[in-house]
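User: I should like to learn how to read the features of a protein model one by one. Please begin with the terms and then turn to the case at hand.

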Amino acid sequence: MTKKFLIAGAGIAGLTLAKALQDLGFEYEIFEASAEARGIGAGFGLASNAMKAFEILGLADEVAPLGHMLEDFEIQDWQEKTILKADTNRLRKNYNNENFAIHRADLHRYLISKIDSTHIHTSKRIKFFEQSFQKVILHFEDGTTTEGDFLIAADGINSIIRQQLLKDSTPRYAGYVCWRAIVEDKTYFSKKSIETWGPNGRFGLTPLINNQIYWYACVNTPLKSEVYNYTLQDIKNQFKDYSGQIRNTLQKTKQEDIITTPIMDIKPISNYAFNRVLLIGDAAHATTPNMGQGACMAVEDVCVLYDELIKNETDILRAFEGYNRRRLKRTHYIIDTSRLAGKVAQWDNKFLMGVRNFIFRKLPQSITQSPLEDLLEEDFMKV
């Protein structure tokens, strides 16, 4: 008999998984808490490791045109002097794929188009689940229930499923707020992502397709402070001493397009597989965005699970165990390294910033490249 998977969450992880299960001939149903299954957010990176995962899943050729290819990533100070450049050539060559920046809504719409949308059920907020040796039952806040053979939690950083399994695994604040938006600018031509570090916070600029720029800005602040209520004019004042391109981008921004979020992650957990329940994506290993690997790790998750399901088609629990074994070390590294990178990047004391920038400029490339080198681990590619 065909096994039925219940998927909690219709985000990037849940939709990519649904496509993989569909290709393998498994039954699936997706349950989304929101009233509409859509991509919420702005832009994000699909580095070459994520594109390799999409290639293995048979999606890369169609995903690539949705993104803007990036050749370089550079960190500057607020006076536009280079602090360091990330050499992504080896990453691209190792995975035989380019790095892209993509609009979340574009990828979300594409993934929905690849599956049977009648299997997506919206306004289905999970209250709790039960599992036995034979099945899993989901209970929803509207009083309804559904059952299946397995449950995949792809319901994000605030996962109800993870917090039922691990009551202490709640989101933790990284210490800074982030504003982000997408603007149109027909005068901006670049294949480089630039992040500016300065005393008033970080500001990133990344080009997207269709003459769009994705920008983000991060400022240190206590959780739920008045900074969370900053208007566009406040943000302009915050970064008025930064580069002309930053000021120009903010000038083209509309207040209603700005998304404000506290930067959060979860402390690494020791297990992603719980009998018939499996955690993937942010539900398993939510990370700060400092390494640009949040969505990438979710796509890798699906790629690894896809591989394990092929190897263990008649023993799904063994496939879950294989996924768990292959994902823990890599995703823990991303969480820890990204959080540390954010702390260093968010220094706002001018003296410490000067020391940090001087050291980074003098460090040999072998050291500054070490975070990228660790992304070359290819365990998820062993298909």
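Analyst: Helices (H or I, at least four residues) and strands (E, at least two) are DSSP runs, numbered from the N terminus. By this convention, Phe358 belongs to helix H12, residues 350-362. The model is predicted: local features need pLDDT of at least 70, side-chain atom pairs count only at pLDDT 80 or more, and totals for chains, interfaces and linings use all residues. Residues are numbered from 1 along each chain as its sequence is written, and side-chain values use heavy atoms, with hydrogens and water left out.

User: Is Phe358 buried or exposed?

Analyst: Buried means under 20% relative accessible area, exposed over 50%, and partly exposed in between, with a 1.4 Å probe and protein chains only. Phe358 counts as exposed because its relative accessibility is 53%.

User: Which residues form a nonpolar patch on the surface?

Analyst: Patches are made of residues with over 30% relative accessible area and no salt bridge; like charges are joined within 9 Å, and nonpolar side chains (Val, Leu, Ile, Met, Phe, Trp, Tyr) within 5 Å. Accessible areas come from the Shrake-Rupley method with a 1.4 Å probe, and for residues only the protein chains shown count as cover. Here the nonpolar patch consists of Trp347, Phe351, Leu352, Val355, Phe358 and Ile359, which together have about 600 Å² of accessible area.

User: How should strand pairing be read, and what is the order of the open sheet that contains S9?

Analyst: Strands of a sheet pair through backbone hydrogen bonds, either parallel or antiparallel. Two strands are taken as paired if DSSP finds at least two bridges between them. The open sheet of three strands runs S9-S10-S11, with antiparallel pairing. Strand S9 (126-131) and strand S11 (145-148) are at the edges with a single partner strand each, so one side of each has no neighbour in the sheet. From one strand to the next, the twist averages 20 degrees; axes are lines fitted to C-alpha atoms, for helices over the stretch in contact, and angles run from 0 to 180 degrees between N-to-C directions. Strand S10 (residues 136-140) is joined to S11 by four bridges, and Ile137 faces Glu147 in S11.

User: What is the order of the open sheet that contains S7?

Analyst: That open sheet has three strands in the order S3-S7-S4, and the pairing is antiparallel. Strand S3 (43-46) and strand S4 (67-70) are its edges; each has a single partner strand, so one side of each lacks a neighbour in the sheet. Its twist averages 30 degrees from one strand to the next. S4 and strand S7 (residues 99-103) run antiparallel and are joined by four bridges, with Leu70 opposite Asn99 in S7.

User: Where is parallel pairing found, and how many bridges join S1 and S2?

Analyst: Strand S1 (residues 4-8) pairs with S2 in the parallel sense over five bridges, and Ile7 has Ile30 as its bridge partner in S2. The chain passes from S1 through helix H1 (residues 12-24) to S2 in a right-handed β-α-β crossover. A crossover is right-handed if, with the strands pointing away from the viewer, the path from the first strand over the helix to the second runs clockwise. S2 also pairs in the parallel sense with strand S8 (residues 120-121), over two bridges, where Ile30 stands opposite Ile120. Four of the five residues of strand S2 (residues 27-31) are buried.

User: Which residues have a positive phi?

Analyst: Most residues other than glycine have a negative phi, and most peptide bonds are trans. Among those with a positive phi are Glu80, at about 70 degrees, and Ser123, at about 55 degrees. Glu80 is in the loop between strand S5 (72-77) and strand S6 (82-86), whereas Ser123 is in the loop between S8 and S9.

User: How many salt bridges are there, and where do Lys124 and Asp142 lie?

Analyst: Side chains of opposite charge can pair when their charged atoms come close. A salt bridge is a side-chain nitrogen of Lys or Arg within 4 Å of a carboxyl oxygen of Asp or Glu, and the count by this rule is 20. Lys124 and Asp142 form one at 2.8 Å, N to O. This pair links distant parts of the chain, with Lys124 in the loop between S8 and S9, Asp142 in the loop between S10 and S11, and their positions 18 residues apart. Lys124 counts as buried because its relative accessibility is 15%, while Asp142, at 45%, counts as partly exposed.
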